[in-house]
Amino acid sequence: MKACIPSFRTQDLIPGLPDEIAQQCLMRVSLKCLSAVQSVCRQWRELLNSSVFYEVRSREGYSDLRVCLPQILPESQNCDGKHPIYGIVVCDPKADTWEILPPIPELPYGLPLFCQCVTTDSKLILLGGWNPCSWEAMKCVYIFDFLKATWEKRTDMLAIRSFFACGFMGDLVFVAGGHDDNKNALKTAEVYNLKEDKWQELPRMNQERDECKGVTVNGKFHVISGYTTEAQGQFLKTAEVFDPCTYRWSLVDDIWPTANCPTAVFSFHGQLLAFQKDELRRYDFKSNVWRVVGVIPEMVLSAVCAATALTDSIFICGTKGNAAYRTYAYRPADAAAHVPREWIALQTGDKLNRVAQAACTIQI
């Protein structure tokens, strides 16, 4: 390994092996086994909880990438015996394998309905949503740590909000907009510090935005479209962008060209992409124009429900007419490398063949 992790230990990581070789062995441990490996000894636990370890692991090409999907769990019923239970389904797109995360101990009847999710480092963060039994809006925050394979409850959000925008940058999670208990669209926003477990109010946006979409790209938090209290369902063409450096919102006109909810909007290697009808479009920040960069083949999908970036491709969930829910990995064409675009069908199996509320990627 060219870049060795600094060490101040007096004992070998693996007796009889140089630390460089031992680290190479531990670098190759799969995500599924990381929590068990940490329990072997204190030295391994300290190493596997080091941020430097994961930086080197990523640089050396040993990272594990997963897609997290809040969706209906198979053969499940909540407290009323009529509605299904929601949980987190995790996909390994490289191996095309699927599994279900363990339930949150405090929520035996599944995830809050319509909760938002983001990922950062080794953690999946769930925010808000509705109580699956009472349908009351919740301010709750739960974190699943993939390294420990455990759930943890964190400090609640400052305000109750539903169908809000969220995004993350480093150790900060941003939320904005949505609506309150009286269905009033909100201008308010707040930020959560993951390390300090604290929420702080942000300046208000210029407009109310219910059912808006949050995306972080190029160091800024974008809140796209949404609608006001007095014009429910009439999605705005504008967006608001929060710059953490200036601590201000800026209004962007005519950024969202359709009257539809901005569900499948995401960042991909510093680009802002969106699926609009049967087209994949890239936003040009200079000209404020969406440019078509791909088309969904008619045989693949008729509607995209959610999308998230992978290393060199895009994970897509959607439907094809009245047919079952489908998932694909779409690799855009690379003219310079003479690589054509490619659609790769992922096999979810019948039991996990459900429409996802959202999709987010985690790389460890």
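**Exercises on a predicted chain**

The accessible surface of the chain in this predicted model comes to about 17,800 Å², and carbon and sulfur atoms hold 51% of that area. Let's work through some exercises.

**Exercise 1.** Work out how the overall size of the chain compares with the globule rule.

*Solution.* Start with the elements: the chain has 4 helices and 24 strands. Next, take the radius of gyration, which is 21 Å. For 364 residues the globule rule gives 21 Å, so the chain is as compact as a globular protein of that length. Finally, the C-alpha trace spans about 70 × 50 × 50 Å along its principal axes.

**Exercise 2.** Decide whether strand β6 is largely enclosed or open.

*Solution.* First recall the cut-off: a residue is buried under 20% relative accessible area. In the chain, 49% of the 364 residues meet it. Now look at β6, residues 141-145: 5 of the 5 are buried, so the strand is largely enclosed by the rest of the structure. Then check each face: V141, I143 and D145 are buried on one side, and Y142 and F144 are buried on the other.

**Exercise 3.** Find the strands that pair with β6, and the partners of V141.

*Solution.* Begin with β5 (residues 123-127), which pairs with β6 in the antiparallel sense over 5 bridges. Here L127 has V141 as its bridge partner. Move on to β7 (residues 150-154), also antiparallel to β6 over 5 bridges. In β7, R154 stands opposite V141. To finish, trace the hairpin: 4 residues lie between β6 and β7, and A149 in the turn has a positive phi of about 55 degrees.

Notes:
Residues are numbered from 1 along each chain as its sequence is written. This is a predicted model: local features need pLDDT of at least 70, side-chain atom pairs count only at pLDDT 80 or more; totals for chains, interfaces and linings use all residues. Side-chain values use heavy atoms; hydrogens and water are left out. Helices (H or I, at least four residues) and strands (E, at least two) are DSSP runs, numbered from the N terminus. The radius of gyration is taken over C-alpha atoms; the globule rule is 2.2 Å times the number of residues to the power 0.38. Buried means under 20% relative accessible area, exposed over 50%, partly exposed in between (1.4 Å probe, protein chains only). Accessible areas come from the Shrake-Rupley method with a 1.4 Å probe; for residues, only the protein chains shown count as cover. Two strands pair if DSSP finds at least two bridges between them.
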